[in-house]
Amino acid sequence: MEGLWFRAIFLRMYETLIGQRTAIFVTAMVFGVSQISATCDFPGGGVVFGLGCVSAYAMLKDDSLIGPVLFHAG
């Protein structure tokens, strides 16, 4: 579900407004912040931010949610 929200909806909307690189950065930051409350043992903002960037890049590269969903499942 978070792949749908962060990649398919927000990433596409922000990409048209602020550009591709900034959209990746913004959605990765929001993704990282959303994960803080999801776990009690937060591994660090850099790790989640990095994973968010990779997932966003995969979404834009293939124009599909399949890459981010498989990456997140792994």
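## Burial and overall fold

Of the 74 residues in this chain, 26% count as buried. The model is a predicted one, so let us keep its confidence in view as we go. The chain exposes about 4800 Å², and carbon and sulfur atoms supply 69% of that area.

The fold is easy to take in: there are 4 helices and 0 strands, giving the pattern α-α-α-α when read along the sequence. Among contacts in the chain with a separation of 6 or more, 54% join residues that are 24 or more positions apart.

## Confidence

The average pLDDT over the chain is 77, and 81% of the residues score at least 70. Confidence is highest in helix 2 (residues 20-36), at 81, and lowest in helix 4 (residues 66-73), at a mean of 77. As a general caution, predicted coordinates should not be read in detail where pLDDT is low.

## The nonpolar core

Now for the inside. The largest nonpolar core has 6 residues, namely Leu-11, Ala-23, Ile-24, Ala-56, Met-59 and Leu-60. Helix 2 and helix 3 each supply at least two residues of this core, and helix 3 gives the most, with 3 residues.

Ala-23 is a good member of the core to click on. Setting aside neighbours within four places in sequence, Ala-23 is in contact with Leu-11, Tyr-14, Glu-15 and Ile-18. Leu-11 is itself listed in the core, while Glu-15 returns below as a salt-bridge partner of Arg-12.

## Gln-20 in helix 2

Gln-20 is found in helix 2. With a relative accessible area of 39%, Gln-20 is partly exposed, because that value falls between the 20% limit for buried and the 50% limit for exposed.

Beyond its neighbours within four places in sequence, Gln-20 is in contact with Glu-15 and Leu-60, and Leu-60 is one of the core residues. Gln-20 can also be compared with Tyr-57: the two are 37 residues apart in sequence, and their C-alpha atoms are 9.1 Å apart in space.

## Salt bridges around Arg-12

The structure holds 2 salt bridges, and Arg-12, Glu-15 and Asp-63 are linked in a network of them. In general, side chains of opposite charge can pair when their charged atoms come close. Arg-12 forms a salt bridge with Glu-15, where the closest N and O atoms are 2.8 Å apart. Arg-12 and Glu-15 are 3 residues apart in helix 1 (residues 2-18), so about one helical turn separates them.

Arg-12 also meets the side chain of Asp-63 in a salt bridge, at 2.2 Å from N to O. Asp-63 lies in the loop between helix 3 and helix 4, whereas Arg-12 lies in helix 1, so this pair ties together parts that are 51 residues apart in sequence. As for accessibility, Arg-12 counts as partly exposed at 25%, Glu-15 is partly exposed at 23%, and Asp-63 is exposed, with a relative accessible area of 54%.

## A nonpolar patch on the surface

Finally, a look at the outside. Val-47, Leu-51, Val-54 and Phe-71 make a nonpolar surface patch of about 320 Å². Its largest share, 3 residues, comes from helix 3 (residues 45-62).

Leu-51 is one of the patch residues and lies in helix 3. At 38% relative accessibility, Leu-51 counts as partly exposed. Helix 3 therefore serves two settings in this account: the patch takes its largest share from helix 3, and the core also draws the most from helix 3.

Terms used. Residues numbered from 1 in each chain as written. Predicted model: local features only at pLDDT ≥ 70, side-chain atom pairs only at ≥ 80, totals over all residues. Heavy atoms only, no water. Patch = residues over 30% accessible without salt bridge, like charges linked within 9 Å, V, L, I, M, F, W, Y side chains within 5 Å. Areas by Shrake-Rupley, 256 points an atom, 1.4 Å probe, with all protein chains shown as cover. Salt bridge = Lys/Arg side-chain N within 4 Å of Asp/Glu carboxyl O. Buried < 20%, exposed > 50% of the residue type's maximum accessible area, 1.4 Å probe, protein only. pLDDT = per-residue confidence, 0-100. Contact = heavy atoms within 4.5 Å. Core = buried A, V, L, I, M, F, W, Y, C linked by side-chain atoms within 4.5 Å.
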